[in-house]
Amino acid sequence: MPSVSDLTRAELERFRNELFEFLSIPSVSARSEFQDDTRKAASWVVETLLSSGLEAQLFETPGHPIALGEWRGAGPEAPTLLVYGHYDVQPPEPLERWTSPPFEPAIRNGRIYARGAADNKGQLFLHLKALELLLARDGELPVNVVLLAEGEEEVGSTNLRPFLEAHGDRLRADAVVISDSAMFGPGLPSLLFSLRGLSYFELRARTARTDLHSGMYGGAAPNAATALARLLASLHDAEGRVAIRGFYDDVVEWDEETLRGIRELPFREGSLLEETGARGLVGEKGYSVLERLWLRPSADVNGILSGYVEEGAKTVIPAEAMAKVSFRLVPDQDPDEIARLLSEHVERIAPPEVEVEVRELHRGRPWRARPEGPYFEAARAALRSAFGRDPVLVGEGASIPVVADFERHLGAQVLLVGFALPGANMHAPDEWFPLDHIEKGILTLLNFYSAL
Ligand code: BES
Ligand code: MN
């Protein structure tokens, strides 16, 4: 397969400036004060698609708009590729932990630092520029291309699902390609064989009409913070397993080939300690770290709120406590079933004087790839020629909620080809993307298209 030559210095400089412009838009989907900026990022995508020669438009949703680009010049008989990404980003807080402000992109040590640099604007940008270069060079693409960029991935893709159902015909594709993940290591291009699913809940415990004087009532009145803490502690047993009855019932065992592939990856537990700054690792006994991250489900408390937390002391018994709790799911766990099991668990654990409310915020099904076929081989060859070595096949503990829906609704094979690096600080301060992966990423995609 002919590999594409390197990009020119002038092209790379222009791309860097354009990416900086995109990264400067604070498209924080979770917060309404950024609603206009989020729309601005969507329009930025549409403008970029239009000026590259695709047809493009914004679709309104009850939430943030969907940017859709289309190039159908290959004709109705030719295959269609769907490119998916998201232009929304996670909230940047805590701001004081950023070395440079999150929406003022900066380059240090060969890295672009900004919120969204890796997740996902920087990677979506690679696809936009690959399409631009191909259309400028050849005047055409080897396949029909639909590019779909949503603004609600970081808040659960709630409005994308009905959009997929409503526009199934228009979005019909032979394969979906997504760059919203990381490589296993520097110089180690990677293709994903799995994503975990997600069930996300808000729990509220109530114990009294209002907060109470802890001297007048302490020792007799129930405490919502304590009650919720007990409930949260009951989610795991002493062996690091999730202690909800039935939680593991639908978990499938993986094949020996996948297990062997994982064992052969160059992985040290120490590197995870360095990457995270944790002093030790936790989790289910009997499974290796990568198995725990990729093949096994997990439960986490994402946040807790209760009682007096301002300066100084206040003697009070909180009447209410709230926690955000989420579960990462693996095949064949089902979000409906997990919601049911959690409610049962809460009912069993919470004493009668504590009222607990369980509300689901969002969800996504787990996904497992079919790592084979012509599209998969094209991606493999493209990564090889851009990075100079064969990609490794890796799992992923994180979630991209719509991936399973793409396979269900569109019947298309999904390819996950990510270009971020471990420790990219996705969702954290000082998020970064390697500067040289702009060129390597675009070259990979150019090679991918020519391999099709
Ligand atoms: N890009 C990430 C998912 C990801 C991260 C895949 C690292 C592979 C490697 C995505 O934007 C994300 O953060 N997903 C959320 C989904 C949730 C907010 C519905 C997640 O996993 O928490
Ligand atoms: Mn994310």
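Surface first: about 20,200 Å² of the chain is exposed, and 48% of that comes from carbon and sulfur atoms. Those areas are Shrake-Rupley values with a 1.4 Å probe. Bear in mind that this is a predicted model, where local features need pLDDT of at least 70, side-chain atom pairs count only at pLDDT 80 or more, and totals for chains, interfaces and linings use all residues. Residues are numbered from 1 along each chain as its sequence is written, and side-chain values use heavy atoms, without hydrogens and water.

Now the inside. Of the 452 residues, 53% are buried, meaning under 20% relative accessible area with a 1.4 Å probe, protein chains only.

Charges next. The chain carries 69 negative and 46 positive side chains. Lys and Arg count as positive, Asp and Glu as negative; His and the chain ends are left out. The centres of the two sets are 3 Å apart, with each charge placed at NZ of Lys, CZ of Arg, CG of Asp or CD of Glu.

On to the fold. We have 14 helices and 19 strands. These are DSSP runs: H or I of at least four residues for helices, E of at least two for strands.

How is the chain divided? Domain 1 covers 4-195 + 366-451, and domain 2 covers 198-256 + 295-363. The bounds come from an automatic or database domain assignment. Over C-alpha atoms, the domain centres are 35 Å apart. At the junction, 11 residues of domain 1 contact 11 of domain 2, contact being heavy atoms within 4.5 Å.

Last, contacts along the sequence. Of those between residues at least 6 apart, 79% join residues at least 24 apart.

Terms used:
Chains lettered and ligands numbered in written order. Buried < 20%, exposed > 50% of the residue type's maximum accessible area, 1.4 Å probe, protein only.
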